[in-house]
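I opened my notebook on this model. My plan was to look up its helices, then a few side chains.

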Amino acid sequence: MGLGFTIGALGVLILSHAAYSTIQYRGLLKITEEEFSGPPINVLIELILGFLFCIYAGLIVPGKFQSIHPDSEENRIVSLPENLDFMIFNHRGRVVPLELETKLKL
């Protein structure tokens, strides 16, 4: 478990605490019979901080991004002749005619 995973777990804990604080704050407002206009500033700071930690962990934990360009040397596309075992030609598609002629009958 690396640093990114730890930061992500910390971000989730901070977001959970911010949710609990908001629920507690709304309960306090019900007791004092005041209108809920939004969470306090410390909860907003917790939300932003927890969100940033979770975004950072989401980008760091999965690892290095792979290239999607077909001419890239890092590309891991498997060529077709090496995987002929996975090609299946005996399936339900042979029952469907190649040209579908749909005519509207009026």
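What covers the buried residues of α2? I found that α1 (3–32) is part of that cover. Helices here are DSSP runs of H or I, at least four residues, numbered from the N terminus.

I noted the ground rules. The model is predicted: local features need pLDDT of at least 70, side-chain atom pairs pLDDT 80 or more, while totals for chains, interfaces and linings use all residues. Residues are numbered from 1 along each chain as its sequence is written, and side-chain values use heavy atoms, with hydrogens and water left out.

I looked at α2 next. Val-43, Gly-50 and Ala-57 are buried there (under 20% relative accessible area, 1.4 Å probe, protein chains only). They cover an arc of only 60° around the axis, so they lie on the same side of α2; the arc is taken from the directions from the helix axis to the C-beta atoms. On the other side of α2, I found Ile-41, Ile-45, Ile-48 and Phe-51 exposed (over 50%).

I turned to α1. Its buried residues include Gly-4, Gly-8, Gly-11 and Ile-14. The buried residues of α1 pack against α2 (contact means heavy atoms within 4.5 Å). Just after α1, Glu-33 has a positive phi of about 55°.

I checked one side-chain pair. The charged end of Arg-26 sits over the ring of Phe-36, 4.7 Å from its centre. The rule asks for NZ of Lys or CZ of Arg within 6 Å of the ring centre and within 35 degrees of the ring normal.

Conventions
Helix = DSSP H or I, 4+ residues; strand = E, 2+ residues; numbered from the N terminus.
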